[in-house]
Amino acid sequence: EVMTTRAANEEKFRAKEDFYRGKWESIRQAQAQNAYARDKGKAARDATRNALLEAKRAGVQACKRQSQEHLMSKKERESNERLGNQDRANYIKRNKDEGRRRMEAERAGKLDMFRSDYEARVGQEEMLRARTEALVSAMEKEEMELIQRLQNTQMMQRSAYDELEQALGQTAAPVSRRAIGKREEEDPPQAPGA
């Protein structure tokens with residue numbers, strides 16, 4: 001009976017050891033599985049975090065590239081606008097200079113034309129003045145000649161009257177003098193320029 005009891009106790013002890021051994025094995029297996037799952041989850045989280053970081057880094061780089069592209073595009077557009085504005089300013093300046101030169105040329109042409117007209121008018125007036133002076137001089141000369149001729153005629157008439165008076169005698173002298181005086185009153189001699 002002691003042997004039976006001992007065998008039973010040993011059997012119980014072995015069964016208990018097997019039970020605890022199995023339990024420990026299952027606990028270690030569960031711990032190993034948990035550790036594996038934890039490592040796998042950590043690896044997945046690390047991979048996800050790394051992927052997110054990489055995506056974020058790529059997004060930042062893309063934003064930087066896009067920003068640089070926008071900046072370069074803006075600089076190129078501003079440079080093109082500056083060049084276009086400069087070209088327009090040069091075009092306007094050229095047109096303004098050309099207009100100024102054209103106006104100056106027209107003004108110079110008009111001044112030359114006015115000067116030519118003025119000189120022509122002055123020449124014509126000078127020619128008319130010379131002709132008028134020549135005509136006046138000729139008329140004065142002719143007038144002087146006529147007056148001289150008239151005076152000569154009057155002197156000849158006076159001489160003829162004197163001779164006639166002497167020929168007719170003393171009785172006709174008062175009549176002759178009155179006739180000569182009356183004729184001189186009707187046709188008096190004129191001075192030059194009158």
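How many aromatic pairs does the structure hold? The structure holds one aromatic pair, and the rings concerned are those of F19 and Y20. This tour of a predicted model begins with the whole chain, proceeds to three salt bridges, and then returns to that pair.

**The whole chain**

Display the full protein as a cartoon before selecting any residue. The protein has two helices and zero strands. Helix α1 covers residues 2-168, and the residues of the three salt-bridge stops below lie in this helix. Next, switch to a surface representation. The accessible area comes to about 17200 Å², with 56% of it supplied by carbon and sulfur atoms. Of the 194 residues, 6% count as buried.

**First stop: E17 and R21**

Select E17 and R21 and show their side chains. These two residues form a salt bridge, in which the closest N and O atoms are 3.9 Å apart. Both belong to helix α1 and are four residues apart, about one turn of the helix. E17 has a relative accessible area of 31% and is therefore partly exposed; R21, at 44%, is also partly exposed. Now add D18 to the selection: E17, D18 and R21 are linked in a network of salt bridges.

**Second stop: E54 and R57**

Move along helix α1 and select E54 and R57, which are three residues apart, about one turn of the helix. Their side chains form a salt bridge with the closest N and O atoms 2.6 Å apart. Are these residues buried, partly exposed or exposed? R57 is partly exposed, with a relative accessible area of 43%, and E54 is partly exposed as well, at 45%.

**Third stop: E98 and R101**

Select E98 and R101. A salt bridge joins them, the closest N and O atoms being 2.9 Å apart. Because they are three residues apart in helix α1, about one helical turn separates R101 and E98. R101 is partly exposed, with a relative accessible area of 47%, and E98 is partly exposed, at 38%. The salt bridges visited here are among the 13 counted in the model.

**Fourth stop: the nonpolar patch and the aromatic pair**

Return to the beginning of the chain and select F19, Y20, W24 and I27. Which kind of patch do these residues form on the surface? They form a nonpolar patch, with about 440 Å² of accessible area together.

Within this group, centre the view on W24, a residue of helix α1. W24 has a relative accessibility of 51% and so counts as exposed, since the exposed class begins over 50%. Y20, by contrast, has a relative accessibility of 41% and counts as partly exposed.

Finally, keep F19 and Y20 selected and display their rings. A pair of aromatic rings is described by the distance of the centres and the angle of the planes. The structure holds one such pair. For F19 and Y20, the distance is 5.5 Å centre to centre, and the angle between the planes is 65 degrees. The arrangement is edge-to-face, because planes over 60 degrees apart fall into that class. Both residues of the pair are also members of the nonpolar patch selected at this stop.

Technical notes: Residues numbered from 1 in each chain as written. Predicted model: local features only at pLDDT ≥ 70, side-chain atom pairs only at ≥ 80, totals over all residues. Heavy atoms only, no water. Buried < 20%, exposed > 50% of the residue type's maximum accessible area, 1.4 Å probe, protein only. Areas by Shrake-Rupley, 256 points an atom, 1.4 Å probe, with all protein chains shown as cover. Salt bridge = Lys/Arg side-chain N within 4 Å of Asp/Glu carboxyl O. Patch = residues over 30% accessible without salt bridge, like charges linked within 9 Å, V, L, I, M, F, W, Y side chains within 5 Å. Phe/Tyr/Trp six-rings, centres within 6.5 Å; stacked < 30°, edge-to-face > 60°.
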